[in-house]
Amino acid sequence: CKRNWWKNLLFIHNWFGFGNMCLTHTHHIGIDTMLFWVAPFLVILIYKLRWRGVQVVLALAAVSTAMRYHIAIKYELSNFITFNQSLKKIFEVADRMYILPPHQFTVYGMGILLGCALREFKGMKMSQIQLTTGWIFTSAAAAWSFLMAVPMGLIDYKFDVMEAAHYAGAAPIAYCAFLCWIIWTHEAGYKSKNF
């Protein structure tokens, strides 16, 4: 911290790796700050260009997902901490696929799109079939995002790079879809009694 405190002050400390970071538990403040700076431009892009702006956000989210997937395979990393995983490997996971804003953009982009959709489709009504289908699919996605990690938490787990890559790429999307659905239905006025 004596050398690197100023990076925290500027919210850029997450770009220099866990080993050089003062107050590692604050890494997400740097990520969020950088994504907050980008968000207004993306919202304006969506507002001005409509579908083209949405395509840009979707493309950025796809690149973010592909980056996590690719890095997991290339460096044989898992963002789920397993038994017998060395501290060095945990720091490598943090540095290569967790603490940089591009790696976290997927769910951030989903949030931006949700906010724009809430504004665009305000007052939209859904049928009971649409509500039920949405709850089933998003609940299954959330359950899958948790249950997919169960084997990785077992003491005798043998590392599988493809499993780790699928988890790194898909689990954040699956769980975020569930959270987006909760927000969407709540903002649309559908309470749990309607389900």
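**Close-up views of a helical protein**

**Figure 1. Ile129, Ile136, Phe137 and Leu147 are exposed on one side of helix H6, away from the side that holds its buried residues.** The model shown here, as in every view, is predicted. The buried residues of H6 are Leu131, Gly134, Trp135, Thr138, Ala141, Ala142 and Ser145. These residues lie on the same side of H6, because they cover an arc of only 140° around the axis. An α-helix has 3.6 residues a turn, so residues three or four places apart point the same way. Helix H7 is included in what covers the buried residues of H6.

**Figure 2. Helix H6 is viewed along its length, from residue 128 to residue 147.** At 1.5 Å a residue, the 20 residues of H6 should span 28 Å. The C-alpha atoms at its two ends are 28 Å apart, which agrees with that expectation.

**Figure 3. A nonpolar patch on the surface is formed by Phe146, Leu147, Val150, Tyr175, Leu179 and Ile182.** Together, these residues have about 540 Å² of accessible area. Helix H6 and helix H7 (161-187) each supply at least two residues of the patch. The greatest contribution comes from H7, with 3 residues. Leu147, a member of the patch, is also one of the exposed residues of H6.

**Figure 4. Tyr175, a member of the nonpolar patch, is found in helix H7.** Is Tyr175 buried, partly exposed or exposed? Its relative accessibility is 30%, and Tyr175 therefore counts as partly exposed, since this class lies between the limits of 20% for buried and 50% for exposed.

**Figure 5. Leu60 is located in helix H3, which comprises residues 51-74.** At 39% relative accessibility, Leu60 counts as partly exposed. Which residues does Leu60 touch, not counting those up to four places away in sequence? They are Leu42 and Phe105. His13 lies 47 residues from Leu60 in sequence, and their C-alpha atoms are 23 Å apart in space.

**Figure 6. The whole protein chain, which has 7 helices and 0 strands, gives the setting for the close-up views.** Its C-alpha atoms fill a box of roughly 55 × 40 × 30 Å, taken along the principal axes. Of the 195 residues in the chain, 39% are buried. Among contacts with a separation of 6 or more, 69% are between residues 24 or more positions apart. The accessible surface of the chain comes to about 12,000 Å², and 70% of this surface belongs to carbon and sulfur atoms.

Definitions and conventions
Residues are numbered from 1 along each chain as its sequence is written. This is a predicted model: local features need pLDDT of at least 70, side-chain atom pairs count only at pLDDT 80 or more; totals for chains, interfaces and linings use all residues. Side-chain values use heavy atoms; hydrogens and water are left out. Patches are made of residues with over 30% relative accessible area and no salt bridge: like charges are joined within 9 Å, nonpolar side chains (Val, Leu, Ile, Met, Phe, Trp, Tyr) within 5 Å. Accessible areas come from the Shrake-Rupley method with a 1.4 Å probe; for residues, only the protein chains shown count as cover. A salt bridge is a side-chain nitrogen of Lys or Arg within 4 Å of a carboxyl oxygen of Asp or Glu. Helices (H or I, at least four residues) and strands (E, at least two) are DSSP runs, numbered from the N terminus. Buried means under 20% relative accessible area, exposed over 50%, partly exposed in between (1.4 Å probe, protein chains only). Contact means heavy atoms within 4.5 Å. The expected span of a helix is 1.5 Å times one less than its number of residues. The arc is that of the directions from the helix axis to the C-beta atoms.
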